[in-house]
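Let's take a friendly walk through this structure, one question at a time.

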Amino acid sequence: MSRNRQTYMVGSVSALGGFLFGYDTGVMSSILEMDYWKDYFHKPSSTGVGVIVAMLTAGCFVGSLFAGWLADRLSRKRTIMLACVVFSLGAAIQCGSRNRAMLIAGRFVAGLGVGVLSMAVPVFMSEIAPPSIRGRLVSLQQWAITWGLLVAFWIDYGTHFIKSDASWRIPMGIQIVPALILFVSMFFMPYTPRWLVDNGREDEALKVLARLRSNGDITDTGVVAELEDIKHAVQVDRETAVRSYTELIKFPIRRRVVLGVLIQILQQLTGINTTLYFAPTIFKQSGLTGDNASLLAQGLNGVINCLATVPAILWIDKWGRRKTLMFGSLACGISYFIQAVATGATQNKTYDDNGDLNLNMPTGVSYLVIVFIYIFVASFAMSWGPIGWIYPSEIFPTRIRSKANSVTTASNWLFNFVIGLVSPILIKRITWGLDLIFALIMFASVAIVFLFFPETKNRTLEEMEFIFGGSPWAHKDKKRIAEHDTTTNHYVDDKDA
């Protein structure tokens, strides 16, 4: 721990980028149920709500596409700072919204910032971390997302008692504060060693590695050896440099791009953002009456999400990526299936005077469904939540890492946009059918991970060339990798973490 104290500190600061996304997601989910917000924007229909919610992710999609170019040109560090400025502008527009068009525009602008952060922060973290703690460090972003959700839920709960438009304007404005904190803090953070080497600043890279690994000792043998590995990898990357995005679909990078895109898509197809965005609505449908009850249930949802991420932070580099993903898929699938069966067998649909749907399930069934919503959230938080960001950030070579991660992250936001757009409609129209769809996807993802995703824990970023150089059938390639590890005496001391 002491050897990596500086790395943890730098990673924790950059993880505030995740907090911004989590806060914006959480703050909107509860605001959707506030009466003053509904009245101010003339009670949007389920389609209108979907557009408002999804516009953030539309901005994220666009922002993530530009993030790769920005991160290579400006550095990972400066790209994060620029994203903070853009996000703050979007948050200010949302806070001061005078009509629905202004609100939608503000969410799109904020989304541009979040999209850039969602790509730049994991890359920044993966490039400053040694292999023994890389998964743990990148997991901090997911934990920060859950903290953002949690803080937003409880701020919303407090402000919803305010009898004016300030009930929703205050929580929207508050999100500017962490963005400014991250912007100022990044002035004191280092550039990543791999970006420095890639830009011919090797002396600076040595000093940064010494700061992160050996308390500033540039003669440390481990630091010198790591720098040489980075220089060699960068040289190899330059000889096969990717000069355009079209080259990402060519051999041998294509396989990694496909897996990076697939894991980001599957993270969204867990349905987590349906639960996070529309949980108060879902809780009301399930039988919790009154704004207080649904908002409190949403607050507890945030606590569970935050706490369940901690085991992943502590042990993800021991559990590995494959087993954790398969466990998460199975647990999420079972949770959804039980919700679907319980709701489908007992629901009795009615609509109130506002057109809101009530399922009128027996009390015991309502509580059962709510419990399994919490179990689903916990299962996601310790598996697909962190690994969805870890895996793409660690599998690409330096010269294409930004471009490739911009594509994988964009795929995440594209599916997030679609899910945010259609979820309020499907929740109202097919209720338990949506749970069944997500359950089937989760069960299928167990097989997908087993067949195609190789294990990457405790591997240096430079080792990924070998890991992805064999059969595309990951379950058949384990023997080749084991023989390589025996030959090279591959071993990572867990005490380094």
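A word to start with: a residue is called buried when its relative accessible area is under 20%, exposed when it is over 50%, and partly exposed in between. Please keep in mind that this is a predicted model.

Q: Is Lys403 buried or exposed?
A: Residues with a relative accessible area under 20% count as buried. Lys403 has a relative accessible area of 17%, so Lys403 is buried.

Q: With which residue does Lys403 form a salt bridge, and where does that partner lie?
A: The closest N and O atoms of the salt bridge between Lys403 and Asp72 are 3.7 Å apart. Lys403 belongs to helix H19 (residues 398–429), so the pair ties together parts that are 331 residues apart in sequence. Asp72 is partly exposed, with a relative accessible area of 21%. The partner is therefore Asp72, in helix H4 (residues 46–74).

Q: Which residues are joined with Asp72 and Lys403 into one network of salt bridges?
A: Side chains of opposite charge can pair when their charged atoms come close. Salt bridges that share partners build the network here. Besides Asp72 and Lys403, the network holds Arg76, Glu127 and Arg401.

Q: How many salt bridges does the structure hold, and which residue pairs with Arg107 in one of them?
A: The structure holds 17 salt bridges. In one of them, Arg107 has a partner in helix H2 (residues 16–31), while Arg107 itself lies in helix H6, so parts that are 83 residues apart in sequence are tied together. The closest N and O atoms of this pair are 3.1 Å apart, and the partner of Arg107 is Asp24.

Q: What is the relative accessible area of Arg107?
A: Arg107 is found in helix H6 (residues 100–128). Leaving aside neighbours within four places in sequence, Arg107 is in contact with several residues, including Met28, Ile52, Leu56 and Gln94. Both Arg107 and its salt-bridge partner Asp24 are buried. For Arg107, the relative accessible area is 0%.

Q: How far apart are the C-alpha atoms of Arg107 and Ile448?
A: Along the chain, these two residues are 341 residues apart. In space, their C-alpha atoms are separated by 34 Å.

Q: Which residue forms a salt bridge with Glu394?
A: The closest N and O atoms of this salt bridge are 2.9 Å apart. The pair links distant parts of the chain, with Glu394 in helix H18 (residues 384–394) and its partner in helix H16, 73 residues apart. Glu394 is buried, and so is the partner, Arg321.

Q: What kind of aromatic pair do Trp154 and Tyr157 form?
A: A search of the whole structure finds 18 aromatic pairs. In the one formed by Trp154 and Tyr157, the ring centres are 5.8 Å apart and the planes meet at 75 degrees. Planes over 60 degrees apart count as edge-to-face, so the pair is edge-to-face.

Q: Where do Trp154 and Tyr157 lie, and is Tyr157 buried or exposed?
A: Both residues belong to helix H7 (residues 134–159), and being 3 residues apart, they are separated by about one helical turn. Trp154 is partly exposed, with a relative accessible area of 35%. Tyr157 has 19% relative accessibility, so Tyr157 counts as buried.

Q: What is the arrangement of the rings of Tyr336 and Phe376?
A: The pair links distant parts of the chain, with Tyr336 in helix H16 and Phe376 in helix H17 (residues 363–381), 40 residues apart. Tyr336 counts as buried at 3% relative accessibility, and Phe376 counts as buried at 1%. The ring centres are 4.6 Å apart and the planes are at 45 degrees, so the pair is tilted.

Q: Which residue lies over the face of Tyr191?
A: The distance from the ring centre of Tyr191 is 5.1 Å. The residue is Arg201.

Q: Which helix gives the most residues to the nonpolar patch on the surface?
A: Leu330, Ile334, Phe337, Val341, Leu440 and Phe443 form this patch, with about 530 Å² of accessible area together. The elements that give two or more residues are helix H16 (321–346) and helix H20 (432–452). Leu440, found in helix H20, is exposed, with a relative accessible area of 56%. With 4 residues, the helix that gives the most is H16.

Terms used
Residues numbered from 1 in each chain as written. Predicted model: local features only at pLDDT ≥ 70, side-chain atom pairs only at ≥ 80, totals over all residues. Heavy atoms only, no water. Patch = residues over 30% accessible without salt bridge, like charges linked within 9 Å, V, L, I, M, F, W, Y side chains within 5 Å. Areas by Shrake-Rupley, 256 points an atom, 1.4 Å probe, with all protein chains shown as cover. Salt bridge = Lys/Arg side-chain N within 4 Å of Asp/Glu carboxyl O. Buried < 20%, exposed > 50% of the residue type's maximum accessible area, 1.4 Å probe, protein only. Phe/Tyr/Trp six-rings, centres within 6.5 Å; stacked < 30°, edge-to-face > 60°. Lys NZ or Arg CZ within 6 Å of the ring centre and 35° of its normal. Contact = heavy atoms within 4.5 Å.
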